[in-house]
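These are my notebook entries from a reading of one structure. I went from the whole chain to a few single residues.

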Amino acid sequence: MKQDAQDALQQVKHLHAATTDQTIAGLFEQDPNRFENFSARCGEIHFDYSKNNLNVDQLNGLFALADAADLPGRRAALFSGEHINVTEDRAVQHTALRDLTSTTIMVDGENVQPEITAVRERMTAFSKGVRDGSIAGQGGPFTDIVNIGIGGSDLGPVMVAAALTPYQNGPNVHFVSNVDGADIADVLSSLNADTTLFIVASKTFTTQETMTNAQTAREWFVERCGETAVEAHFAALSTALDKTKAFGIRDDRAFGFWDWVGGRYSVWSAIGLSVMLAVGPEAFVEFLGGAHAVDQHFQTAKASENVPLLMALIGIYHRNICGYDTHAVLPYDQHLHRFAAYLQQLDMESNGKRITLDGDDVVGQTGPVVWGEPGTNGQHAFYQLIHQGTSIIPADFLVAANANDPIGDHHQKLVANAFAQTEALALGKSRRQVEQQLKKAGIATDKIEALVPHKAFPGNRPTSTFLYPKLTPHVLGQLIALYEHKVFVQGVIWNINSYDQWGVELGKELAGELLPMVKGVKGEVDAEGRNGSTSGLLAAFHAMRQG
């Protein structure tokens, strides 16, 4: 964090220290219009942040912090194609992928819009052909699609496809990511090779897990349909045309993307092909349009109404002022059951950094641990800790006003639970309230004294609520883009690079060294010089294998 930002953060810390007795319940008592004053709108999404323990002065201090970190300048650099990914010397232009206008978008002196449009048009033509049967396998129209990828080449498509289940009207879509053979074995076991299309998603066509699974899929397919049928049943999301061609994939079945699109930001690109095949090109374009609307909002809305900015600053307050270590994402929308997993990569891979852009150690804390599950399931699992545990865990609640699957009063009960949880977390239940309730129930005095401490809730647990009309492709695009820009803002304030991921590389390097030892290749099993635990595990592994 740069010095000006550190000074601004220190001012917010002073404001916080002066209000140690401030509570969420008390803030509502002081301001009858707090809901209106601490809510904002972005497109179809109503963002209620009134149940966070923030007053007006503290919020204004956070706005000053964003200015001190030069958020306006850094935001302009993001959208103008500057190389803000400094460690890889790259622009960051995933936002260009969802700009459906004819706006000129310059990256490295070139207008990239025509190329983006050309790839999208090729995806659209291919998707339409697969969906109407004019592009088919040797057994007829494709009934199943298998997307083989990992990281951003899996988490984005799998989450979006699940979220848009009500809009799926194409072939069945399956996803394989884990190098654990159980993953691909489970998927292949239910498929007919004659009517299955495989999509291999790897920019370089060298990702170990992806290419291992792709080769297994290819062998499985060839065993059933023969070598000559490969080109009709495999497509690639890659720019390594020499490698895709060697694999047996025709050039017109290879869809590329660019080095200014990071993996965790790539679902808007050709990586989203499996989604387009499942829901159709029209719905996919709506999805892009929702994200683009948020891009415009982020650039033009004033601070007090700028939802991604507010999300980011509230997160900064919780992490750097209050010292909260984790952040829960709790969608009351079953189709968002992979949303928290998607945000784990988006947030933790982006902002899980300890070195600033200047190469110095970060002062203070950066990204929190992000986790979560859908409600109401979580209520019967981990909400106990959120309500009465020793750690305070800020949480986001995502709620649709209308269900995609309206059955009886299911949705009303779901929404009632969501609203009840945010109220309970904010207001809690005092000992006096518990005592009165137990007395009313006729509980003996001695039992009341014993029960009261256990049944009281401290409250003052912060939550934000995202309310939207229905989980449509357009709304989903908005939700994802909001969190993308939240991550960007926080990276700016912490002065870190949110767009590299060197932390994942060391493990890959060591795995490459260890693989021959694990396989037991002659002359390469000797683990001398390795960590004592690693050499011990290798020995134990081979002993078990022999047993």
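Entry 1, overall size. I looked up the radius of gyration of this predicted model and found 26 Å for the protein chain, which agrees with the value near 24 Å that a compact globule of 547 residues would have. I then took the extent along the principal axes, where the C-alpha atoms fill a box of roughly 80 × 65 × 60 Å.

Entry 2, make-up of the fold. I counted 22 helices and 15 strands in the protein chain. Of the contacts between residues at least 6 apart in sequence, I found that 74% join residues at least 24 apart. Buried residues make up 52% of the 547 residues.

Entry 3, surface and charge. The accessible surface that I noted for the protein chain comes to about 24100 Å², and carbon and sulfur atoms account for 51% of it. I also noted 42 positive and 62 negative side chains, with the centres of the two sets lying 5 Å apart.

Entry 4, H174. Which side chain makes a polar contact with that of H174? I found that it is D144, at a distance of 2.7 Å. H174 itself is found in strand β8, which covers residues 172-176. Leaving aside neighbours within four places in sequence, I listed D144, I145, V146, N147, V187 and L191 as the residues in contact with H174.

Entry 5, D183. I placed D183 in helix α8, which covers residues 181-188. Is D183 buried or partly exposed? Its relative accessible area is 21%, and because buried means under 20%, D183 counts as partly exposed. With neighbours within four places in sequence left aside, D183 is in contact with F175, V176, S177 and N178. I also checked the separation from A18, which lies 165 residues away along the chain, and the C-alpha atoms of D183 and A18 are 54 Å apart.

Entry 6, Q299. I found Q299 in helix α13, made up of residues 281-300. The relative accessibility of Q299 is 34%, so I recorded this residue as partly exposed. A polar atom of the Q299 side chain lies 3.2 Å from the backbone oxygen of D295. Not counting residues up to four places away in sequence, Q299 touches R75 and F79. Last, I looked up the separation between Q299 and I184, which are 115 residues apart along the chain, and their C-alpha atoms are separated by 42 Å.

How values were computed
Residues numbered from 1 in each chain as written. Predicted model: local features only at pLDDT ≥ 70, side-chain atom pairs only at ≥ 80, totals over all residues. Heavy atoms only, no water. Helix = DSSP H or I, 4+ residues; strand = E, 2+ residues; numbered from the N terminus. Rg over C-alpha atoms; globule rule 2.2 N^0.38 Å. Buried < 20%, exposed > 50% of the residue type's maximum accessible area, 1.4 Å probe, protein only. Contact = heavy atoms within 4.5 Å. Areas by Shrake-Rupley, 256 points an atom, 1.4 Å probe, with all protein chains shown as cover. Lys, Arg positive; Asp, Glu negative; His and termini not counted. Charge placed at Lys NZ, Arg CZ, Asp CG, Glu CD. Polar contact = N/O pair within 3.5 Å; in protein donor to acceptor, adjacent residues only side chain to side chain.
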